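Me: I would like to go through this model with you and ask, point by point, what justifies each label that is put on it. Please set each value against its criterion before you conclude.

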Amino acid sequence: MIADRKQAKKGGSWLLEPTATFFTPEDFDDTTRMIQDTVRTFVEKEYAPVSDAMEHGALEHNIPLLAKAGELGLLGVEVSEEYGGLDLPKTVSTVIAEGLSPTGGFSVSYGVQTSIGLLPLVYWGTKAQKDKYLAKLVSGELIAAYCLTEPQSGSDAMGAKTRAELTEDGKYYLLNGTKMWISNAGFAHLFTVFAKTKEGLTAFLVERDMPGLRFGGEEKKLGIKASSTRQVFFEDVKVPVENLLGELGKGHKIAFNVLNVGRYKLGAGAIGGAKEALELSAKYAKERVAFGTPIANFGLIQQKLAEMASRIFAGESAVYRTMGMIDEALENLDKANAAEAVLAGIEEYAIEASIIKVLGSEILDYSVDEGVQIHGGYGYSAEYPIERAYRDSRINRIFEGTNEINRLLIPGMLLRRALKGELPLFEAATQLQKELLEPSFDEPEDKEMSQIENLKKLALALLGLAAQKYTTKVEQEQEVLGVTADILIDIYAAESALLRSRRLTDSVYADIAQLYAYQAIDRAQAGALSVLPRLVEGDEMRVMASAARRLTKHDPVDLVEIRRRIATKALEAEGYPQPK
Ligand SMILES: Cc1cc2nc3c(=O)[nH]c(=O)nc-3n(C[C@H](O)[C@H](O)[C@H](O)COP(=O)(O)OP(=O)(O)OC[C@H]3O[C@@H](n4cnc5c(N)ncnc54)[C@H](O)[C@@H]3O)c2cc1C
């Protein structure tokens, strides 16, 4: 149940206000659960029989698989019914991303088709452009790709060198340049290409058979081998002016807004992958015998399983909390101006999208890494699925904005909103600095929540001090921003886990939330103390350091016992103990 349907929370406001309740997977409606089942069946019946062949280079299977996904309605979840889509809430698209995650490379082909490939057209396409392409993309008859990155510019996307020049007769743009790492390039029909015009970065819809388009060979990659990744070369490609997408010089809006959507789906997909890793690991740990007993009985194996379960629960709670906020905001929109309103709604939660991207991809990396370890030597063998999961995982920290870029965006966006007067961040930080000098020693009523509120105070204090000292140059203090981002990510995850656990009857979720929170508090203390001397000096530094210690104080608890209880539950469930 959601507390207040009409008043969607503002993005980032959880840092300043306590939250009572929010959307969780336990709130999924029947449609969402039905789609979850459809995805499960699709993976078993359609993908599994060809998965090995795809891993070994038979990338052409992507084409009928996408068509089948189209037939099942899975390509048009975010598209209006007019074009054959289902027009369902964003939560449904995340549930699909989660369910498809174990397909590795194919989930990337699918993700590109339905997010960065198709959404630029959905949000910025003219009626004529949509009429021409959209229904065919929804059915899987056409496949889409997104061309932003170049050999010399990835994170620095605005540094793109591909150029588009209007021909003298004003009928075409001539595109010249090279795009790099383009997913789906081997078989896509429609490419959203970002190129520089004299007005700035601009997006174009380019068809595969337009003369002058050439492709490099398939990249030999570490993982997601079932996906196609190639260079795309543009040599005087004549693109009709009707294929200009959005406004001249406003391509960055398309590029970055679409990435926001990609980010929360990537986070959700990563949580799905981590669940798969935990399942493989729990089952293996029960079967594998060493020193006369299943390795599942060893404390150090249980510790890994418990950590995976705890992080997955926190990540999953954060993902669906965000999706709930987004869907709630989108529900109250002015439907007359749908595309613009939807984009504004999504942009509102860009901070949370970056948080989920970093959190999910790192939970996944942790889970597959420990998963390989639990499998011992067999984890290093291509015969075991955990080996592929380990390789497939790694890309998630690199694409859709590297985790460094997303870490910088989290505090960066908060500070920008504060400067614009949209979030009363600086007022809160100033008030807090006074409070920290006159500590209150009252015992809080709700100790666990108050620990999280204290982490919020710490993050606010760090943000406030950094903004005060470095003002407009704060962007250059990346290490300080990185620590702040880590604390913010942990706050969002720990709070989401704690509040969700309180709605669940099984006490194991209280353990899971506590395990996450205690470690988050310790990480926050170490992080804050590592950067405070950069922000304040002398006595002020000592006062702030002692405030940081006070805000992160907690009695030691028996985490060994807590982890063992969680591991027992994961072993019983043979994987992630999904709350009922
Ligand atoms: C398999 C695969 C599929 C892909 N699919 C697509 C696709 O379909 N379409 C597309 O357009 N692109 C795609 N990409 C490209 C991907 O988005 C980029 O690789 C990514 O954005 C990073 O850019 P880069 O590789 O140029 O690294 P760089 O930007 O050169 O980064 C190198 C390192 O420096 C760090 N760094 C860079 N700038 C900063 C900074 N300001 N501060 C701190 N650290 C920084 C990065 O975090 C990273 O650790 C794909 C990539 C791969 C590998």
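Reply: Beginning with the ligand, the shell around it holds 19 residues, among which Gly154, Ser155, Trp181, Thr402 and Glu404 come nearest; the model itself is predicted. Two or more residues of this shell are given by each of strand 1 (144-147), strand 3 and helix 12 (403-419), and strand 3 has the largest share, with three residues.

Me: What makes residues count as part of the shell around the ligand?

Reply: The criterion is a C-beta atom, placed from the backbone, within 6 Å of the molecule. The residues of the shell divide into ten nonpolar, seven polar and two charged.

Me: Why is the ligand shell said to lie between two domains?

Reply: Both domain 2 (145-251) and domain 3 (404-573) give residues to the shell, and it therefore lies between them.

Me: Why is Asn184 called buried or exposed?

Reply: A residue is buried if 20 or more other C-beta atoms lie within 10 Å of its own; Asn184 has 28 such neighbours, and so it counts as buried. Asn184 is placed in the loop between strand 3 (172-183) and strand 4 (190-197), and has a positive phi of about 70° although it is not a glycine.

Me: And what makes Thr471 buried or exposed?

Reply: The limit for an exposed residue is 12 or fewer other C-beta atoms within 10 Å, and because Thr471 has 8, it is exposed. Thr471, found in the loop between helix 14 (447-470) and helix 15 (478-501), also has a positive phi, near 35°, in a residue other than glycine.

Me: What makes a group of residues a nonpolar core, and which residues have the most contacts inside the largest one?

Reply: Such a core joins buried residues of the nonpolar kinds through C-beta atoms within 7 Å. The largest core has 181 residues, and Phe204, Leu305 and Ala309 have the most contacts inside it. Helix 7 (residues 251-287) supplies the largest share of this core, 17 residues. Leaving aside neighbours within four places in sequence, Ala309 is in contact with residues including Leu278, Ile512 and Tyr576.

Me: How do you know how far apart domain 1 and domain 2 are, and how many residues take part in their contact?

Reply: Their centres, taken over C-alpha atoms, are separated by 22 Å. The contact takes 22 residues from domain 1 and 21 residues from domain 2. On the side of domain 1 that touches domain 2, helix 4 gives the most, with eight residues, and by class this side has 13 nonpolar, eight polar and one charged residues.

Terms used:
Residues are numbered from 1 along each chain as its sequence is written. This is a predicted model: local features need pLDDT of at least 70, side-chain atom pairs count only at pLDDT 80 or more; totals for chains, interfaces and linings use all residues. Helices (H or I, at least four residues) and strands (E, at least two) are DSSP runs, numbered from the N terminus. Two residues are in contact if their C-beta atoms, placed from the backbone, lie within 7 Å. Domain bounds come from an automatic or database domain assignment. Ala, Val, Leu, Ile, Met, Phe, Trp, Tyr, Cys and Pro count as nonpolar, Asp, Glu, Lys and Arg as charged, and the others, Gly among them, as polar.
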